[in-house]
Amino acid sequence: MAIPSRVLRKWDFSKYYVSNFSKDLLIKIWNDPLFNVQDINSALYRKVKLLNQVRLLRVQLCHMKNMFKTCRLAKELLDSFDTVPGHLTEDLHLYSLNDLTATRKGELGPRLAELTRAGATHVERCMLCQAKGFICEFCQNEDDIIFPFELHKCRTCEECKACYHKACFKSGSCPRCERLQARREALARQSLESYLSDYEEEPAEALALEAAVLEAT
């Protein structure tokens, strides 16, 4: 049988003799998503073209699935996403031995590509999903609504998740992050000024109270 460590380290699916215990264990875990390629050997994505293609498709499907969960018109489409194991559309880097074998055989990629095409078609025709798109803040082109799953032309900020055209996002700074940071700093200054103002008023209030007490006596 193929040995998981050799598959994940060298993309080696050669069959090796194993003990009956090991064989039974490998059969039992065949469909279990136990192997995180990013953690175990991220270089495998660069070395194996088919695996990297599957990774990119899974990124697209994850973005789509998150969007469709809040679209009341995408129920049937979400059901079609369930025709593949859930981890393939929810956790980017987890694979089962079955997934890795299907990737090597060129079987998994086409299945995922079919789902991405169906998802892209839905977004293009669905007004609810279109309303969830982004307008690139760099070029302000309102005629070109972009979505996180459009990896070929869209770049997503890792911090705030806003989307921009790849061609536009060259400065390395995210306008939305800068705007949010400026807002946080303004609120912090406002809070500090309010605190200092309250602190300065306290002695005056104490003196006024003391004077009132003296007059009463």
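**Surface, cores and main pocket of the predicted model**

The protein exposes about 14,200 Å², and carbon and sulfur atoms supply 53% of that area. The model is a predicted one. Of its 217 residues, 34% count as buried.

The protein has ten helices and four strands. From the N terminus on, the elements run α-α-β-α-α-α-α-β-α-α-α-β-β-α. Contacts with a separation of 6 or more were also examined by distance along the sequence. Residues 24 or more positions apart account for 61% of these contacts.

The largest nonpolar core holds 38 residues. Within this core, Trp11, Val37, Leu51, Phe68, Leu100 and Leu112 touch the most other members. Six elements are listed as giving two or more residues to the core: helix H1 (4-10), helix H4 (43-47), helix H5 (49-68), helix H6 (75-81), helix H7 (97-104) and helix H8 (108-125). H5 gives the most, with seven residues. In soluble globular proteins, nonpolar side chains tend to be buried together.

Leu51 illustrates how the core is joined. Neighbours within four places in sequence were left aside here. Leu51 is then in contact with Trp11, Val37, Leu44, Tyr45, Tyr95, Leu100 and Thr103. Of these partners, Trp11, Val37 and Leu100 are among the core members that touch the most others. A second, separate core contains ten residues, including Cys154, Cys157, Cys160 and Ala162.

Helix H5 was then considered by itself. H5 has 20 residues. The helix reaches 29 Å from its first C-alpha to its last. That span is close to the 28 Å expected at 1.5 Å a residue. The buried residues of H5 include nonpolar ones, among them Leu51, Val54, Leu57, Val59, Leu61, Cys62, Met64, Met67 and Phe68. Arg58, Gln60 and Lys65 of H5 are buried as well. Both Leu51 and Phe68 are buried in H5 and also belong to the group with the most contacts to other core members.

H5 also takes part in the largest pocket. The volume of this pocket is about 280 Å³. Its lining comprises 13 residues. Val59, His63, Thr156, Glu158 and Lys161 lie nearest the pocket centre. Two elements, H5 and strand S3 (154-156), give two or more residues to the lining. The largest share, four residues, comes from H5. H5 thus appears in both settings: the helix gives the most residues to the largest core and the largest share of the pocket lining. Val59 is buried in H5 and is one of the residues nearest the pocket centre.

How values were computed
Residues are numbered from 1 along each chain as its sequence is written. This is a predicted model: local features need pLDDT of at least 70, side-chain atom pairs count only at pLDDT 80 or more; totals for chains, interfaces and linings use all residues. Side-chain values use heavy atoms; hydrogens and water are left out. Buried means under 20% relative accessible area, exposed over 50%, partly exposed in between (1.4 Å probe, protein chains only). Contact means heavy atoms within 4.5 Å. Accessible areas come from the Shrake-Rupley method with a 1.4 Å probe; for residues, only the protein chains shown count as cover. A nonpolar core is a set of buried Ala, Val, Leu, Ile, Met, Phe, Trp, Tyr and Cys residues joined through side-chain atoms within 4.5 Å. The expected span of a helix is 1.5 Å times one less than its number of residues. On a 1 Å grid over the protein atoms alone, a cavity is a set of points where a 1.4 Å probe fits but cannot get out, and a pocket is an open set with protein on both sides within 12 Å along at least five of seven lines; lining residues have an atom within 4 Å of a point. Grid points are joined across faces, edges and corners, and a volume is the space filled by probe spheres set on the points.
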